[in-house]
2 protein chains.
Amino acid sequence: MPREEGTQAAAQPLSPTELDLIHAWWRAANYLSVGQIYLLDNPLLERPLERAHIKPRLLGHWGTTPGLNFVYVHLNRVIKARGLDMIYICGPGHGGPGMVANTWLEGTYSEIYPNIPQNRDGMRRLFKQFSFPGGIPSHAAPETPGSINEGGELGYSLSHAYGAALDNPDLIVACVVGDGEAETGPLATSWHGNKFLNPATAGAVLPILHLNGYKIANPTILARIPRNALEDLFVGYGYKPHFIEGDDPAKMHQLMAATLDTVLDEIAAIQTEARGGKLTACPRWPMIILRSPKGWTGPKYVDGLKTEGYWRSHQVPFGDMEKPEHVKLLEEWMRSYRPQELFDADGRLRGEIAALAPEGDRRMSANPHANGGLLRRDLVMPDFADYAVGVTHPGRVEAEATRIMGVFLRDIMKQNRNFRLFGPDETASNRLSAVFETTNRAWMAETIPEDDHLSPDGRVMEILSEHTCEGWLEGYLLTGRHGLFNCYEAFIHIVDSMFNQHAKWLESSQKISWRRPISSLNYLLTSHVWRQDHNGFSHQDPGFIDYVCNKKAAVIRVYLPPDANTLLWVTDHCLRSWDRINVIVAGKQPAPQWLDIDTAIKHCDAGIGIWEWASNDRGGEPDVV
Amino acid sequence: MPREEGTQAAAQPLSPTELDLIHAWWRAANYLSVGQIYLLDNPLLERPLERAHIKPRLLGHWGTTPGLNFVYVHLNRVIKARGLDMIYICGPGHGGPGMVANTWLEGTYSEIYPNIPQNRDGMRRLFKQFSFPGGIPSHAAPETPGSINEGGELGYSLSHAYGAALDNPDLIVACVVGDGEAETGPLATSWHGNKFLNPATAGAVLPILHLNGYKIANPTILARIPRNALEDLFVGYGYKPHFIEGDDPAKMHQLMAATLDTVLDEIAAIQTEARGGKLTACPRWPMIILRSPKGWTGPKYVDGLKTEGYWRSHQVPFGDMEKPEHVKLLEEWMRSYRPQELFDADGRLRGEIAALAPEGDRRMSANPHANGGLLRRDLVMPDFADYAVGVTHPGRVEAEATRIMGVFLRDIMKQNRNFRLFGPDETASNRLSAVFETTNRAWMAETIPEDDHLSPDGRVMEILSEHTCEGWLEGYLLTGRHGLFNCYEAFIHIVDSMFNQHAKWLESSQKISWRRPISSLNYLLTSHVWRQDHNGFSHQDPGFIDYVCNKKAAVIRVYLPPDANTLLWVTDHCLRSWDRINVIVAGKQPAPQWLDIDTAIKHCDAGIGIWEWASNDRGGEPDVV
Ligand SMILES: Cc1ncc(C[n+]2csc(CCOP(=O)(O)OP(=O)(O)O)c2C)c(N)n1
Ligand SMILES: Cc1ncc(C[n+]2csc(CCOP(=O)(O)OP(=O)(O)O)c2C)c(N)n1
């Protein structure tokens, strides 16, 4: 296969009017973003800007925001033009002001938060609440309509995107990846998600690498390697990169529009081919590399120092508002967007600009996939008692608990197309192989005849990356589906911080009325065989349990079922639950069975025999049995 | 720059005798590896093999081992031929039997463990102890001579390798990366280490991707993407890949030898150029892609199922030794290495084969860089009291504690070329910028005139990957140097499991007489500014402290210095310590100062005013002040 050069489109698909309107939306979003970071009052700059209109403490991230806004308006164009079902995953979620700005422009924000209406007063409150005591976080968060990716700890956007696209054939998941974020390990391996996405049954992921060149105080690696190396890297990852490079807004709008048209055609072609049964190899999905200045359209210099197109614009490009020249600079900057052309006298976005937004559920901020609870359906559950081990005398019968659970999972997977199993290549070792009687491992890469249960439509997701497994599962759950992560207990600490972030997400979501409950994130942790041999039948590293119990979260449950029948009860219980993180620690070795199924049910229902801790109640290491 | 095709060497550098001897060493190492996994007795197969000679429980990993052994003997050849100073980092450290086998063949093992001599009885004990109660772990571990990479949790070999190479201009760090391991996030981003390695002052890293095709029960991604994509990927990462592909030992030996000659010439050329001051761009370092069968030379089929070149050879390729045909298969397999040609009647490796090993410290198993304590020198420490903030009345003066610490660090870095600072682009944000008065950020990629303190010889290591920072620092410390990792407290959980593994390493090392103490791993954790604003002056997420205090390790210390002067004392104290993990949590915001330096010293020396916990003494969240 000859290598194609990374392309940069030449067409000019936007008419002058379209170009004007798109540019106007972008200016409006940028204006609202700056307003959120800086202003307390005088939102429309109807009066000259004064110190008193500016927040006493300035917090937030400007640098990434204009790029996020640029992507947003262009995605809106193609959603409308092509009737797409699309969500927006914002890797640089610290660009919260941008995400909030667009959702307010789309109207969703005011529908959900009626105290922030689409008018002058609403704009004032929108500005004030941002990163302000009693207000909203500075990052994309559960509070942000349309978001399924917490904007705190970076690195998980693309695995979330792949998780969201699975089994959603009509969905396109646009995923902006920060070039700083791209340096994290979890992000660096998550590009390989394309080898697990079946174009016949899944939707598409459209990665947009946001190459704005800088992190906090440093350039990024990907911005400073030769352009051909950058291209090779993504070709090597299996993508077809499309470059959009520049800083002249008019040119960049045309380029972005043309490129989006191309990549959407490419996505459609891949899907048509696959759905016609004609796909033979793993497709080379398109991706976009957007090289634009950090802090684009912001002040070029501040106090004589380069700011636009430089890391100095990462957070608040300038503070110290006691300096009158800074107040003036801010006013000039904000007026450069010409707000009076964008908003009417009441502070409402002008009609012809507002008309750019898609309607209803097609607005990315209102897309139900990004509020997965709206789409979630309970699993059809077989009766777990049918899988019970017969126990006549406690301790006489031996069984491998997880093997029994595997049979139960097999039948759950048979009956539910919205359930997937995730793990770092340990499903067989964890003795859950019965699931392969009903499904396969997902695999789009090459195969050989000897291969064992690999196929594009497999629903067991195995990659040697605990981060990716966790990210995929989170993305799958957050878009309304069900799943279970199986892992050796010894290695689950790898995802401590992801667990943490997801727990926070669930906790916050529960306090947000419009967020509907999503399925629980279920872990099955098994012990390492050689450790177990030395340590007897108990989990070798209780650290993860301590770690999870340490969360304030009311969302955590830990289960240590001592035998197969209690494990069946626990599995059933966890898979029916929502808005929780369930940690199940179970043995996979042959072990004595204690409870017949009726006794198991009785004990578990009564909460005896199952060591279940909630929140802070940390009990030290329990004796199993 | 035109793209070169990944090359496969054609030369035949080995004479027939050399080829025979190298093959013999390889057979010996393979034989010893199988013996460790399976045998209790009859080590030289002097008698027909019987069930009683075989261990009752079989544990260990065969699949990766022949590849590791293959690499080992070829590295030995070039070490001898070129007088190289080289260490071997074994990513697939579960191939412990291979590492142990080679170090025994080299004699190091018996020198260190005299109860395992180089004779028949020693061989018997070598076999028996492996993964046996009271014996040695099945993975490369501190017990393994020449190892600095724990063979448990995968993903850190390459960041360890880059850390080891820094400031060691004469060292070559060969690093075998498993193709499964390569799927982990931390490994996937660690390839970018080449942008931080200055060929003028650092040694070389030679990555060897061990493409044996499988993980536990699955193929690997990199083995199943098109060959040109694989090549593009590594060209994109900035390397020049050299392919070695095949399964015929004679051909593969010639290929490996020829390729190693080529890449070592390339490394030498890069270094000569750089050290002559002639290097202008980031060099394209060579790497090797070794595509060979998993379980190479092992049984082709077991019970009719494909085993060699397949995932079934990952661990113990067959068990159930009650089956006589399995005993027979094992005997045939082991005899296929023709042990009588390799070992004399006493079980000693024949002289002409043994002569392949380098001598003394040049044996990778005896290289002092892999027992870094041997090379460690105390830091030259300025007097921390010279940096004190004057405090006349407690609480009257304000200072930013970490800014004061930065000045102290600056002078430490000025006086010590064996100290580096690591962090995910937060050094400036953590207010340690004074260090840039004496050094820069390490950076080999492109620069522009506006860049701020980037240079090839910088000793501040910043990449947006907490995993890579931790891995680099561990590699740097394990080879006898000093360092500090600065990070926002909120994100340090990302490296929970790496912290865990390093703590275990230190604990085990302390019980091994020949391992010399290495410098402590020091964390400086600072609070997030916006969190801190909402939460007052306290760390927002005490989870990490709880996590570290939860370790049994006698190696953990936690410090919460309440002001600048106590922070100075703590910094001084930590940088003088060894074999510990020190966690320092400190504020970076202007805050009242409590103790003048004399009082600070008195309080700290007495252990008052510093909240220092060791091991399990977990005190809940302390009140600071
Ligand atoms: C894992 C992690 N480490 C560190 C940080 C602190 N941090 C916040 S933003 C940022 C730079 C992000 O750069 P990039 O992803 O390129 O985003 P952008 O430049 O578009 O703001 C860093 C290091 C973080 N949020 N997450
Ligand atoms: C982070 C992590 N996850 C899971 C495991 C369990 N595990 C042990 S070996 C292995 C497969 C390793 O494959 P590879 O790196 O290719 O080594 P090789 O095939 O050469 O044995 C896995 C998944 C582990 N050791 N570390």
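Reader: Which residues come nearest to ligand 2 in this model?

Author: In this predicted model, 23 residues lie around ligand 2, and those that come nearest are A:Glu466, B:His94, B:Gly180, B:Tyr214 and B:Lys294. Because the residues that surround ligand 2 come from chains A and B, the site is shared between chains.

Reader: Which polar atoms of the protein lie beside the nitrogen and oxygen atoms of ligand 2?

Author: Chain A offers the side chain of A:Glu466, where an N or O atom is 2.6 Å from a nitrogen atom of the ligand, while in chain B a backbone N or O atom of B:Leu154 is 3.1 Å from a ligand nitrogen, and a side-chain N or O atom of B:Asp179 is 2.8 Å from a ligand oxygen. The protein buries 98% of the 590 Å² that ligand 2 exposes when taken alone, and the surrounding shell divides into nine nonpolar, seven polar and seven charged residues.

Reader: How should I read the size of the interface between chain B and chain A?

Author: Interface size is often given as the accessible area lost when the parts come together. Here chain B and chain A bury about 6,700 Å² between them, with 57% of it on carbon and sulfur atoms, and the contact takes 81 residues from each of chain A and chain B.

Reader: How many salt bridges link chain B and chain A, and which helix of chain B gives the largest share of its side?

Author: There are three salt bridges between the chains, including the one between A:Asp451 and B:Arg224, whose closest N and O atoms are 2.7 Å apart. On the side of chain B that touches chain A, helix 8 of chain B gives the largest share, six residues.

Key
Residues numbered from 1 in each chain as written. Chains lettered and ligands numbered in written order. Predicted model: local features only at pLDDT ≥ 70, side-chain atom pairs only at ≥ 80, totals over all residues. Heavy atoms only, no water. Near = heavy atom within 4 Å. Polar contact = N/O pair within 3.5 Å; in protein donor to acceptor, adjacent residues only side chain to side chain. Areas by Shrake-Rupley, 256 points an atom, 1.4 Å probe, with all protein chains shown as cover. Nonpolar A, V, L, I, M, F, W, Y, C, P; charged D, E, K, R; others polar. Contact = heavy atoms within 4.5 Å. Buried area = accessible area lost by both parts, 1.4 Å probe. Salt bridge = Lys/Arg side-chain N within 4 Å of Asp/Glu carboxyl O. Helix = DSSP H or I, 4+ residues; strand = E, 2+ residues; numbered from the N terminus.
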